[in-house]
Structure formats: structure tokens, C-alpha cells
Amino acid sequence: MRSSGCGDAKRKLAGELALTGELRSIGGGLATTYLAYRSGRAFVLPEASAREGALVDCAEVYGASSLLQVCAHLCNREALKRAETSHTATDAIYPDFADVKGQLTAKRVLEVAAAGGHSLLLCGPPGTGKSMLAERLPGILPPMTEEEALTSAAVQSLGTAGFKTENWRRRPFRAPHHTASGVALVGGGSTPRPGEISMAMHGVLFLDELPEFERGVLEVLREPLESGRITISRAGRQADFPARFQLVAAMNPCFCGLLGHFSRKCTCTPAQISRYRQRISGPFLDRIDLQVEVPALPPGELRGRANGEPSVSIRARVSEARQRQLARQGKPNSELTSREVEQFATPSEEGVRLLERAIERLQLSGRAYHRVLKITRTIADLACAERIATDHIGEAIQYRRSS
């Protein structure tokens, strides 16, 4: 059974009580401790859960191995020891961009995505490095703040695997298989649990082989992509989970994957190509900020050792650009509202004319128009520019050409 109560107005207890009086660990220890700390309470947890809960700095967390220890503590006979944990983070856990050969455009797009928190779609033949690029995105994102680390860890502690303290301050990277259900992706169940989009909180959600996902599964992502939250409603209860993640998706250009290949011929008919791409709805695709091609590389570019720019250098530029955004508007560019876009990402008259021509030629929607302006603002931030120039707009338009 589970026991939850309080010894006084400012102390809470939670754990799984065995018939022997032993206290067993519970899921969500960090999440419950975080909530109790914000309300000014101390917490008593089973020892294993207490080490996780102690990640909340300044929180008063005590660990106990049995109910007798808890009773002795409450009766002031033998005080419980305050839980402690050690947590360190290192950049070595992230794959390095220096390992990627070629694909300069894709690398630049990933830098823009990281700087502004933008969603991204990579389209190209098999074996061009789409997954390899996506796996390196967490390594160039800005370091997690204390609040981001706590929120991310608290949500992960609610999952079936719990939260591992060695992952403290590490950006999560979640890559569900394309057979994942809607419940697995957004959360749910008779007792609502967070899904992959919440487990990727303040990290990266990578959807490989995007058209192979069920269309209905992808459609449920539309709301959290906009709001950063997901509400799970059941007959007897309702759960609200945070879902502020960065989406990176990858897909082939057609069924056989060879459309546009420099040396191999595509065998798909126009009708097959159209059916393949129609597996992704227009409204969902419209919500992805950056959409670029990752072409196949000729053998000459694949020979020799990779000598690309390391992640640490890219991360420094990304962090500097993100700091400009936080100082200017208090949030990343991807989270700007339509009104804030007009305030912080206003182009010049020449830039407006360029953008209007692009909207007409590419048939961009009103949502896509504002997303281009957000991308433009991020490109200007990377260039340390206060005002948006026409070359910033031109580059941003290039990253929406596959819309």
C-alpha cells in the first residue's frame, strides 16, 4: 500500500509501505519533492527516492528505510539524516559535430534551430546523416538553467524508468519508434502518465521516418507544439503535463528514398511521391519552423577524417544569441506571440517587400509568415545585429522552401 500524510503542518511523507515495515521507493519522488518545496514543506521519503528528491537545492528532504525510523523521527527519539546527492554534468555525453562530414547547410540550420528553439525537419535520402545530425543537437543547446533542470528531471521522475541522477542538467534526447501510439507520444493511460513529448521537456524529441508515423498520432502534436503543454482528460480525472520540447523530424523524399540523389535513380511514380508526402498533413507541416534538404554526398566528401567545427564552438555562439533573446524579450524567439513578433522582429521596408514576394511565390500561410520572421530574428541574433537586414530574411526564406 501507499502511505501519505503529515507529521505537522510543514512536513509531508510519501512512500510504499511493505508488510515488513520496509519503505520502498516510489515513482515521481523528485516531482513531489519539488512541489512540496515550492509550498514551503519538508519531505520524508524512502532512501532511494530521497536521493532523487535531494536534487532540489535547499529542499529539506529526509530518507528513511523503514516505518520505525519515521516513527522515531516524529517522536523526536532519533532524527533522520537529511538526504544528499551528488550530481555533475559533462559535455562529453553529447556526440560532437566535429564528427560530421560535409552538410554545411544542415549544420547551419541546426545552429539556427538551437539558438532560437525552433522545430526542424530534415529531408533527404537514406544514409545522408539526418539521424547523426539530430543526435548532436542537444550538444549545442545552451546549458540548462536550474529551473529547466528541475522541471525536466521532475517530469522524467514520473516515467516508468524514473530519473537517473547522473543525467542531471543533461538535455534529454527522446527518439520514439514510428510504431509509437498517440498515448505513448503525448501521455495518457487509466492513471495518466507523461508521454514522450513531456519526457523530452527542455530537450529534443526526434521523430525519424516521419511519414511512417500514424497520421492521427502526428496530429496530436499540433497543440503542444504551440502551447508547450498537454492536457490528458479522463472520466474521473484530468492531468496537465508540461511539454516544452524541441522537435526534430527526419524523412526520405519519397518511398524509395532516392529522389534527388546525385547518382542513383528514383523509381517512384509522381503519384507515389504525392501519396508519400501526403501522409504528413499541411497544418502539421506548417507548424515546423525550419524545413531543409540533406542531400547525398559524393564519395570525395566522405573520404578522409572529419574536420568540422566542434560542438563547443557552436554552443558558445548559440548561448550568446539565446542570451540576447532573453535580455530583449524574456523568452526564445520560437515562443514569441504574433504581437511580439511585430514588436521585436520588424523588418525594413525592403525586407517587407522581399518577404511579400516570397509569400506569393511559396504560397506561405499567415502562420508560416510569422515563423519566417522568428527565424529571421534568430539569424540576426547570431550575427549580433540589432536590426533585421534583407540578407537575414533571404536566409530565413531558404529554410522554408520545402513548405
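**Note on the predicted model: pocket, sheet and core**

1. The lining of the largest pocket receives at least two residues from each of α10 (222-227), β13, α14 (311-329) and α17 (366-382). Helices (H or I, at least four residues) and strands (E, at least two) are DSSP runs numbered from the N terminus. A pocket is an open set of points on a 1 Å grid over the protein atoms alone, where a 1.4 Å probe fits, with protein on both sides within 12 Å along at least five of seven lines; lining residues have an atom within 4 Å of a point.

2. This is a predicted model, in which local features need pLDDT of at least 70 and side-chain atom pairs count only at pLDDT 80 or more, while totals for chains, interfaces and linings use all residues. Residues are numbered from 1 along each chain as its sequence is written, and side-chain values use heavy atoms, with hydrogens and water left out.

3. The largest share of this pocket's lining, five residues, is supplied by α17.

4. Strand β13 also belongs to an open sheet of five strands with parallel pairing, in the order β7-β10-β13-β6-β14. Two strands pair if DSSP finds at least two bridges between them. The edge strands, β7 (173-174) and β14 (290-293), each pair on one side only.

5. Four bridges join β10 (residues 204-207) to β13 (residues 246-251) in the parallel sense. Within β13, Gln-246 is the bridge partner of Val-204.

6. Leu-290 has contacts (heavy atoms within 4.5 Å) that include Val-109, Leu-120 and Tyr-399, with residues up to four places away in sequence not counted.
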